[in-house]
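Please examine the chain shown below together with its sequence. The report then takes up its confidence, its core, its surface and its ionic contacts.

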Amino acid sequence: MNCCIRATRIRLRTCRIVDADLSKYFDTIPHSELMQCVARRIVDKHMLHAIKMWLKVPVEERDEKGKKRLTGGKDNDRGTPQGGVMTA
């Protein structure tokens with residue numbers, strides 16, 4: 001047991017560890033809902049358009065055999081590209 005968990009147990013008298021696999025979460029984010037949330041903080045229509053276009057760009061991936069495949073694209077309405085230049 002590491003010291004951080006031990007310290008938490010002393011203070012809270014309980015220890016809870018949560019293991020969450022977020023690997024597919026970003027593939028399910030609806031673009032319309034995401035853009036509504038972003039638009040609450042960003043009012044620049046040019047920036048909003050750039051973000052919307054970024055969400056629609058196809059992503060080239062390689063499978064375990066090295067074969068290329070495209071995912072996403074203009075017909076896709078959910079998911080966000082991961083590891084791109086706009087990832088924060």
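The sections below describe the model by topic.

## Model and confidence

The structure is a predicted model. Its chain has a mean pLDDT of 78, and 70% of the residues reach 70 or more. Among the elements, helix H2, residues 31–41, has the highest mean pLDDT, at 94, whereas helix H1, residues 3–12, has the lowest, at 51.

Over residues 1–5 the pLDDT is below 50. Beyond near neighbours in sequence, this stretch has 4 contacts in the model. Where pLDDT is low, the predicted coordinates should not be read in detail.

## Nonpolar core

The largest nonpolar core consists of 6 residues: Met35, Val38, Leu48, Ile51, Trp54 and Leu55. Two elements, H2 and helix H3 (45–56), each give two or more residues to this core. H3 supplies the largest share, with 4 residues. In soluble globular proteins, nonpolar side chains tend to be buried together.

Leu55, one of the core residues, also has contacts beyond its neighbours within four places in sequence. Its partners of this kind are His31, Leu34, Met35, Gly79, Thr80 and Pro81. Of these partners, Met35 is itself listed in the core.

## Nonpolar surface patch

A nonpolar patch on the surface is formed by Leu22, Tyr25 and Phe26. Together these residues have about 300 Å² of accessible area.

Tyr25 lies in the loop between H1 and H2. Its relative accessible area is 46%, so Tyr25 is classed as partly exposed. This value is over the 30% that a patch residue needs.

## Salt bridges

The count of salt bridges comes to 2. In one of them, the side chains of Glu60 and Lys68 meet with an N to O distance of 4.0 Å. Both partners are partly exposed: Glu60 has a relative accessible area of 49%, and Lys68 has a value of 48%. Neither residue is classed as exposed, because that class requires over 50%.

The side chains of Glu61 and Arg69 also meet in a salt bridge, with an N to O distance of 3.1 Å. Glu61 has a relative accessibility of 31% and therefore counts as partly exposed.

## Summary

The predicted model thus offers three topics for inspection. These are the core to which H2 and H3 contribute, the surface patch of Leu22, Tyr25 and Phe26, and the salt bridges Glu60 to Lys68 and Glu61 to Arg69. For H1, the mean pLDDT of 51 should be kept in view.

Terms used: Residues numbered from 1 in each chain as written. Predicted model: local features only at pLDDT ≥ 70, side-chain atom pairs only at ≥ 80, totals over all residues. Heavy atoms only, no water. pLDDT = per-residue confidence, 0-100. Contact = heavy atoms within 4.5 Å. Patch = residues over 30% accessible without salt bridge, like charges linked within 9 Å, V, L, I, M, F, W, Y side chains within 5 Å. Areas by Shrake-Rupley, 256 points an atom, 1.4 Å probe, with all protein chains shown as cover. Buried < 20%, exposed > 50% of the residue type's maximum accessible area, 1.4 Å probe, protein only. Core = buried A, V, L, I, M, F, W, Y, C linked by side-chain atoms within 4.5 Å.
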